[in-house]
Amino acid sequence: LTKLMTAVVVFENYNFSDIVVVSEIADSQDLKEQNIKLGDTTTIKNFLYMMLVGSSNKSARALSELVGEEKFVELMNQKAKDLGLKNTFFADPTGLSSENVSTASDLTKLAEYILNNHPQIADISKIKEIYIPGFGNFINTDQLLGEIPDIVCSKTGFTAAAKGCLLLIINNPKNNNYL
């Protein structure tokens, strides 16, 4: 779920046509992730799609390195503070660190901010599968896509400490709001 804030920082600070290079540190993020390799280059937009659809840790790290990971994480934490997320702290842009913490209440505020200010993040998050030239297919980690109607935004997360996590926003036409 950390990648949602990573996406917000990217949307608010980056030019989508700029090019990103996968560094050694970014490449080391997930050894199972074979479609992104050391030295690969593509646009910020493509890395954003790979991060949100395929939950790519390499993409999240590569995106943070444009301004430096430390500065990027500072931007994430400043945004959390600006949004009034009192129980949220980020230690990395991928969500792999057990120091990344939040609450359901704070994540609801973040989701509302995304829907109101960057609905494109929600749109990308619910893409079931996408092909990125030079990188291949990325399949969304949320298996509920296509199974539950009216999904507005979806992001999964998993670490050994947190186990499985899911932020799912569903359109509620009955009350003209979201669940």
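Two strands are said to pair if DSSP finds at least two bridges between them. With that in place, good morning, and thank you for coming. The structure before you is a predicted model, and I shall begin with its strands.

β6 and β7 are joined by two bridges and run antiparallel. Both bridges can be named. Asn171 has Tyr178 of β7 as its bridge partner, and Asn172 is matched in β7 by Asn177. Between β6 and β7 lie four residues, and the two strands form a hairpin. In that turn, Asn176 has a positive phi of about 55°.

On to the other pairing of β6. β5 and β6 pair over eight bridges, in the antiparallel sense. One position to find on the screen is Ser154, which stands opposite Leu168 in β6. Here too the connection is a hairpin, with three residues joining β5 to β6.

Taken together, these three strands form an open sheet in the order β5-β6-β7, with antiparallel pairing. Which strands stand at the edges? They are β5 and β7, the latter covering residues 177–178. Each has a single partner strand, so one side of each is left without a neighbour in the sheet.

A helix also belongs in this part of the picture. α6 packs on the sheet and touches β5, β6 and β7. The direction of α6 makes about 50° with that of β6.

There is a further hairpin to point out. Strand β3, residues 129–132, is joined by four bridges to strand β4, residues 136–139, and the two run antiparallel. Ile132 has Gly136 as its bridge partner in β4. Three residues lie between β3 and β4, and Gly134 in that turn has a positive phi of about 85°.

Let us move to the packing of two helices. α1 and α5, the latter spanning residues 69–82, have axes 10 Å apart and pack at an angle of about 100°. Why is α1 described as roughly perpendicular to α5? Angles of 65 to 115 degrees count as roughly perpendicular, and the angle of about 100° therefore makes α1 roughly perpendicular to α5. On the α1 side, the contact includes Thr2, Met5, Val9 and Asn13. From α5 come Phe72, Leu75, Met76, Lys79 and Ala80. By type, the residues of this contact divide into eight nonpolar, three polar and two charged.

I turn now to the pockets. Rolling a probe the size of a water molecule over the atoms shows where empty space is left. The largest pocket has a volume of about 660 Å³. Its lining consists of 32 residues, and Leu1, Gly95, Gly157, Phe158 and Thr159 lie nearest its centre. Three elements give two or more residues to this lining: α1 (2–13), α6 (104–117) and β5 (151–159). Which of the elements supplies the largest share of the lining of the largest pocket? That is β5, with four residues. The lining of the largest pocket divides into 12 nonpolar, 17 polar and three charged residues.

The second largest pocket holds about 240 Å³ of space. It is lined by 14 residues, of which Thr108, Ala111, Glu112, Ile169 and Leu179 lie nearest the centre. Both α6 and β6 (163–172) supply at least two residues of this lining. The largest share, seven residues, comes from α6. In the lining of the second largest pocket there are 11 nonpolar residues, two polar and one charged.

To close, I would draw your attention once more to α6. This helix packs on the sheet, gives two or more residues to the lining of the largest pocket, and provides the largest share of the lining of the second largest pocket. Thank you for your attention.

Notes. Residues are numbered from 1 along each chain as its sequence is written. This is a predicted model: local features need pLDDT of at least 70, side-chain atom pairs count only at pLDDT 80 or more; totals for chains, interfaces and linings use all residues. Side-chain values use heavy atoms; hydrogens and water are left out. On a 1 Å grid over the protein atoms alone, a cavity is a set of points where a 1.4 Å probe fits but cannot get out, and a pocket is an open set with protein on both sides within 12 Å along at least five of seven lines; lining residues have an atom within 4 Å of a point. Grid points are joined across faces, edges and corners, and a volume is the space filled by probe spheres set on the points. Ala, Val, Leu, Ile, Met, Phe, Trp, Tyr, Cys and Pro count as nonpolar, Asp, Glu, Lys and Arg as charged, and the others, Gly among them, as polar. Axes are lines fitted to C-alpha atoms, for helices over the stretch in contact, and angles run from 0 to 180 degrees between N-to-C directions. Angles under 35 degrees count as roughly parallel, over 145 as roughly antiparallel, 65 to 115 as roughly perpendicular and the rest as oblique. Contact means heavy atoms within 4.5 Å.
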